[in-house]
Amino acid sequence: MYNHTNLDEIDLSVQPPAEEPARQYYFIAKLRQIVSEKSAAAGRQLTSCIHTFGCQMNARDSEKLRGILELAGYVNTDSEDADFVLYNTCTVRENANQKVYGHLGYLSGLKKKHPDKMIALCGCMMQEPEVAERIRKNYRFVDLVFGTHNIYKFAELLTEAFSSGKMVMDLWEDTDKIVEDLPAERTYPFKSGVNIMFGCNNFCSYCIVPYVRGRERSRKPEDIIAEIEGLVADGVVEVMLLGQNVNSYGKNLEKPITFAQLLRRVEQIEGLERIRFMTSHPKDLSDELIQVMKGSKKICRHLHLPLQSGSTAILKKMNRRYTKEQYLALAEKLRREIPDLSLTTDIIVGFPGETEEDFQETLDVVRKVRYDSAFTFIYSKRTGTPAAVMENQVPEEIVKDRFNRLLALVQEIAQEMSRRVEGQTLPVLVESVNEQDSALVTGRLSNNLLVHFPGDENLIGKIVNVYLKECRGFYYLGERR
Ligand code: SAH
Ligand code: SF4
Ligand code: F3S
């Protein structure tokens, strides 16, 4: 790993190397020089703040960006008063988008008071040409804009923003490149996300992700294993393997390998205790994967299996490539093969053309599968996607009413399902001291439910057995056993 590259040994008087990641380490060293000069002038250390919107992919990207900033000498803070503020944006639904514009207004005020403040934007929203144009025209105070394909170039781009004094905007339409061995600064010392693939080829008709994240690219299994081994050596006990559709992992590699085979290899890593993954597309979930999960000691008893809609007609229009019956058969098989598995899902209400009958089909699937938990979303029109121009967009009042009915059902069932393990003693990975009561710690069961129990901060990052005394809706109160 390059993580331990000695930045002092990099000669900044010569031209930067062309190859990666060496080139980026050169610019990190350069950035460190700039930051140290500015710190000396200010008489204090410079601070940086990254604000992350969106999914686990973005969260992991932010850890990489933070890793670069920390190597460059910035002190990380949560406050937007920082000397450098970076928004890592999401555009999956319109409200994610609006939040960013709202925050930008606030930042512009801060920058008026502190003209030296540097402001940068990156992530999925920036990949939309209209957004980039709007930023270029109306948000002149932003110093740096980059996208999802070139985040590895962050140190180089920020150096350029410092030296040019003008807005630097670097946006790529797509890439086939994966740059390995850059630093990352984890949010949790004991668990980490690990990208196994980037992009998405599915083009669900409502979804903007394939347009802003580009085509599917898998990392080589050796690189993934080496990264996890490095993380484990650094104290990580749980990894979350990340991809928009992990079930299609490895198909386009020079030496193709299935996701289930990758999991078998990850399982072998000594010292690693827990494996999670996100997200599984129902159309590609193989029997091999179910068998690997069933036989595994490390893969957590949790599967996120987005349904989106229970109506076969709507699923077809969504381009999901499975029917209601196929989904139900898969869920049934999973429940039968792995009875203690927690099944969770994503559901969209109000997709164009959705009728009350279609919606009833969704409720029917929810009743049959009995999800342990579900994220419910109101359909949001994304410009450029096929669904945005479909006829029969559903009126807002109808969508809201359906959303409320779905949420009530989902919550009622989730409460019943959560109670399933009451009275059992199960392993819990302790994540933090409880926010409300410092005599308690909070941890996670293999099935992803939270448990609060008496303990102190020395337990953080450890897996301990906890008696699940009382289920309180969606979480447990317990005692160590
Ligand atoms: N790759 C993952 C999901 C990524 S987006 C998968 O296929 O499951 C996360 C969730 O956001 C999706 O599962 C979907 O339920 C929701 N979503 C995506 N686009 C949306 C839109 N235009 N409106 C509302 N919800 C949307
Ligand atoms: Fe979007 Fe579908 Fe790809 Fe998921 S699988 S990211 S919902 S296009
Ligand atoms: Fe949002 Fe991009 Fe994730 S659009 S949901 S941050 S892949």
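**Close-up 1. N202 and its contacts in the predicted model.** Skip the neighbours within four places in sequence, and N202 is in contact with N245, H281, K283, N319 and R321. This is a predicted model, so read every close-up here with that in mind. N202 sits in the loop that runs between strand 8 (197-198) and helix 6 (209-213). Is N202 buried or exposed? Its relative accessibility is 6%, and because buried means under 20%, N202 counts as buried.

**Close-up 2. The residues around ligand 2.** N202 turns up again here, as one of the residues around ligand 2. Alongside N202, the set takes in C200, F203, C204, Y206, C207, V209, P210, Q244, H281 and R320. H281 is thus both around ligand 2 and in contact with N202. Sorted by class, this shell comes out as seven nonpolar residues, three polar and one charged.

**Close-up 3. The shell around ligand 1.** Here 15 residues surround the ligand, and the closest are R93, Q244, Q308, D346 and S380. Q244 also belongs to the residues around ligand 2. Which strands each supply at least two residues of the shell around ligand 1? They are strand 13 (342-349) and strand 14 (373-378). As for class, the shell has seven nonpolar residues, plus four polar and four charged ones.

**Close-up 4. Nitrogen atoms of ligand 1 and their polar partners.** Zoom in on the ligand's nitrogens and you can pick out a few short lists of neighbours. From the side chain of Q244, an N or O atom is 2.8 Å from a nitrogen atom of ligand 1. On the backbone side, S380 has an N or O atom 2.8 Å from a nitrogen atom of the ligand, and a polar backbone atom of Y206 is 3.0 Å from a nitrogen atom of ligand 1. On its own the ligand would expose 540 Å², and the protein buries 90% of that.

**Close-up 5. I228 and the largest nonpolar core.** Away from the ligands, let's look at the packing. The largest nonpolar core has 71 residues, and I228, L241, F259 and F277 are the ones with the most contacts inside it. Helix 13 (residues 396-418) gives the most to this core, chipping in seven residues. Beyond its neighbours within four places in sequence, I228 is in contact with V194, V239, L241, V266, I269 and L272. Another core lies apart from this one: it has 34 residues, including I50, F84, I151 and A155.

Terms used. Residues numbered from 1 in each chain as written. Chains lettered and ligands numbered in written order. Predicted model: local features only at pLDDT ≥ 70, side-chain atom pairs only at ≥ 80, totals over all residues. Heavy atoms only, no water. Near = heavy atom within 4 Å. Polar contact = N/O pair within 3.5 Å; in protein donor to acceptor, adjacent residues only side chain to side chain. Areas by Shrake-Rupley, 256 points an atom, 1.4 Å probe, with all protein chains shown as cover. Helix = DSSP H or I, 4+ residues; strand = E, 2+ residues; numbered from the N terminus. Nonpolar A, V, L, I, M, F, W, Y, C, P; charged D, E, K, R; others polar. Buried < 20%, exposed > 50% of the residue type's maximum accessible area, 1.4 Å probe, protein only. Contact = heavy atoms within 4.5 Å. Core = buried A, V, L, I, M, F, W, Y, C linked by side-chain atoms within 4.5 Å.
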